[in-house]
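Please walk me through the architecture of this protein, beginning with how its strands are arranged and then turning to its helices, its core and a few individual residues.

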Amino acid sequence: MAPTLLQQAGDHLASAAAKNAPYTYTDPLSEVPTPSDVDVSADGSTPIIDMEALLGPHRSEIIKQIGLACEKNGFFAVKNHGIPEMKINNMLDTAREFFHLPDEERLKFRSTDPNSVIRLVTGFEDRTRNIFVSRQSLKFHSHPVEEYMSQWPSNPPSFRENVGEYCASVREVEVAILEAISESLGLERDYIDKILKGHYVSINYYPACRESELDVTYGVRTHTDPTVITILMQDDVPGLQVINDDKWINVNPLPNAVVVHVGDILQALSNYRYKSLLHQAIVNCEKERVSIASYCYPSDDAMIGPARKLVDRDHPAIYKDFTYREFHESMWRVKCSTAKRLDLFKARAD
C-alpha cells in the first residue's frame with residue numbers, strides 16, 4: 001500500500017530531525033499562554049494603517065503610527081494598500097484549487113530541501129508533544145517573478161498568471177511599508193531596502209479539522225518568522241492568533257486588508273526596539289481556511305545587526321553583526337521556532 005500524505009510527511013520530519021541534530025536548543029514555549037487563554041474581548045485591538053494616507057500629506061503621522069504599532073504590538077493591518085480586489089480573489093481561489101488537486105499532483109512539489117526553490121510541506125503528527133499540525137503549504141521564491149514563474153505549478157492552469165500578478169502587487173506594498181518602517185526608526189528611507197534580496201511566498205491551506213487521537217490540533221504551532229517583515233493575506237475564515245500583552249488575541253480578517261508583522265531580522269536591525277511577533281494559527285472545525293504569507297528577507301551576504309544610529313551609551317547593541325547566511329544556516333540547526341534563535345548572535349558584554 002502506498003504511504004499516505006501524513007506518513008510521507010512523518011518520514012520527511014524524521015529526515016529533517018536527523019539533519020538538525022548538532023544543536024540541542026529548545027523552544028521556550030512552556031512560558032507561552034496556552035491556546036485556551038484567548039482574550040476574545042481584544043478582537044478590536046488590531047492597529048489599522050491607511051496606506052493611502054501614507055502616500056499623502058499626513059505621511060509623518062502615519063509613520064509614527066507604524067512605529068508605535070511595531071513597538072507596542074508587533075503587527076498591524078493595512079487597508080487601501082492598492083492591491084486590486086480582483087487580484088486578491090484570484091489568488092485565494094487559485095490557492096484553493098491547488099490544494100483541492102489529487103495528492104499525486106501536489107506531491108510533485110514535495111521536497112526535504114529547505115533551500116529548494118519550491119516545496120510542498122504537509123501536515124504532521126508530533127507525538128512527543130502530543131499535537132497534530134494540520135497546515136499544508138506550498139512555499140516558493142517569487143521575486144523577480146519572471147525568474148521563478150517557470151518553476152511554479154502549471155496546474156491549475158491559472159496558477160502562474162494569478163500568482164504572478166498578486167506577487168508583483170504585494171511586492172510594491174512591501175517596499176512602501178519597509179520605507180516607512182525605516183523612517184519610523186529614524187533611518188534613511190532606503191535603509192532596509194538596500195539589504196533586500198527577494199520575496200518568498202507560502203500559500204497556506206488549513207483543512208477543516210479532523211478528529212485526532214492527539215490532545216491538540218493546530219493549524220500552525222507558536223512561532224516567530226525569520227524575516228524582516230511578513231505580509232499576510234487571509235480569506236474570511238478566522239484563524240490567526242498573536243501574543244499581545246502576554247495574552248493570545250484573535251486577529252480576525254478585515255475585508256481586503258493585509259496583516260503586517262515584525263520578523264526576527266527587524267528585531268535585530270531595530271536593536272530590539274521592535275519585537276518579532278509570536279503567533280500561531282488555529283483550525284476551524286467547519287470551514288477550510290486559506291492564507292497567503294509573503295516573506296521579506298535580506299540577501300545572503302547582507303550584514304544584519306543593530307543600525308548604528310540606534311546604538312549609543314544609553315542603548316548598547318543587543319546583537320553583534322552577522323550575515324543573513326549565518327542566521328539562515330543556524331536556523332536549520334537550532335531546534336527553536338521563536339526569536340530566541342537570535343540569542344546565538346547576542347553581543348557580549350565587555
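Two strands are taken to pair here if DSSP finds at least two bridges between them. In this predicted model, strand β3 meets that condition with β6 (residues 136–141), to which four bridges join it in an antiparallel run. One residue pair shows how the two strands line up: leucine 120 has leucine 138, in β6, as its bridge partner. As background, the strands of a sheet pair through backbone hydrogen bonds, and they do so either parallel or antiparallel.

This pair belongs to an open sheet of eight strands, in which the order is β1-β2-β13-β10-β15-β7-β6-β3 and the pairing is mixed. The edges are held by β1 (48–50) and β3 (118–121), and because each has a single partner strand, one side of each is left without a neighbour in the sheet. On average, and with direction ignored, neighbouring strands of this sheet are turned by 25° against each other.

A second open sheet has four strands, ordered β9-β14-β11-β12, and its pairing is antiparallel. Here β9 (220–223) and β12 (247–250) stand at the edges, each with a single partner strand, so that one side of each lacks a neighbour in the sheet. The twist from one strand to the next averages 20°. The partner of β9 is β14 (residues 279–281), with two bridges between them in the antiparallel sense, and valine 220 stands opposite alanine 281 in β14.

Turning to the helices, α4 (residues 85–99) lies across five strands of the eight-stranded order, namely β3, β6, β7 (196–206), β10 (229–234) and β15 (289–298). With respect to β15, helix α4 runs at about 110°. Helix α7 (residues 159–184), with its 26 residues, reaches 37 Å from its first C-alpha to its last, which is close to the 38 Å expected at 1.5 Å a residue. Just after α7, glycine 186 takes a positive phi of about 80°.

In soluble globular proteins, nonpolar side chains tend to be buried together. The largest nonpolar core of this model has 83 residues, and those with the most contacts inside it are Ile229 and Ile292. Helix α7 gives the largest share of this core, eleven residues. Isoleucine 292, when residues up to four places away in sequence are not counted, touches Met91, Leu92, Ala95, Tyr166, Val201, Ser202, Ile203, Ile231, Leu232 and Met233.

Why is asparagine 204 classed as buried? This residue, which lies in strand β7, has a relative accessible area of 3%, and it counts as buried because the class covers values under 20%. The side chain of asparagine 204 makes a polar contact with the side chain of serine 202, at 2.6 Å. Leaving out residues up to four places away in sequence, asparagine 204 also touches Arg135, Gln136, Ser137, Arg289, Val290, Ser291 and Ala293.

Alanine 339, in the segment after α9 (324–331), is likewise buried, with a relative accessible area of 13%. Which residues does alanine 339 touch, not counting those up to four places away in sequence? They are Thr224, Asp264, Gln267 and Ser276. The C-alpha atoms of alanine 339 and aspartate 225 are separated by 7.8 Å, although the two residues are 114 residues apart along the chain.

Technical notes. Residues are numbered from 1 along each chain as its sequence is written. This is a predicted model: local features need pLDDT of at least 70, side-chain atom pairs count only at pLDDT 80 or more; totals for chains, interfaces and linings use all residues. Side-chain values use heavy atoms; hydrogens and water are left out. Axes are lines fitted to C-alpha atoms, for helices over the stretch in contact, and angles run from 0 to 180 degrees between N-to-C directions. Contact means heavy atoms within 4.5 Å. The expected span of a helix is 1.5 Å times one less than its number of residues. A nonpolar core is a set of buried Ala, Val, Leu, Ile, Met, Phe, Trp, Tyr and Cys residues joined through side-chain atoms within 4.5 Å. Buried means under 20% relative accessible area, exposed over 50%, partly exposed in between (1.4 Å probe, protein chains only). A polar contact is a pair of N or O atoms within 3.5 Å; within protein, one must be able to donate a hydrogen and the other to accept it, and residues adjacent in sequence count only if both atoms are side-chain atoms.
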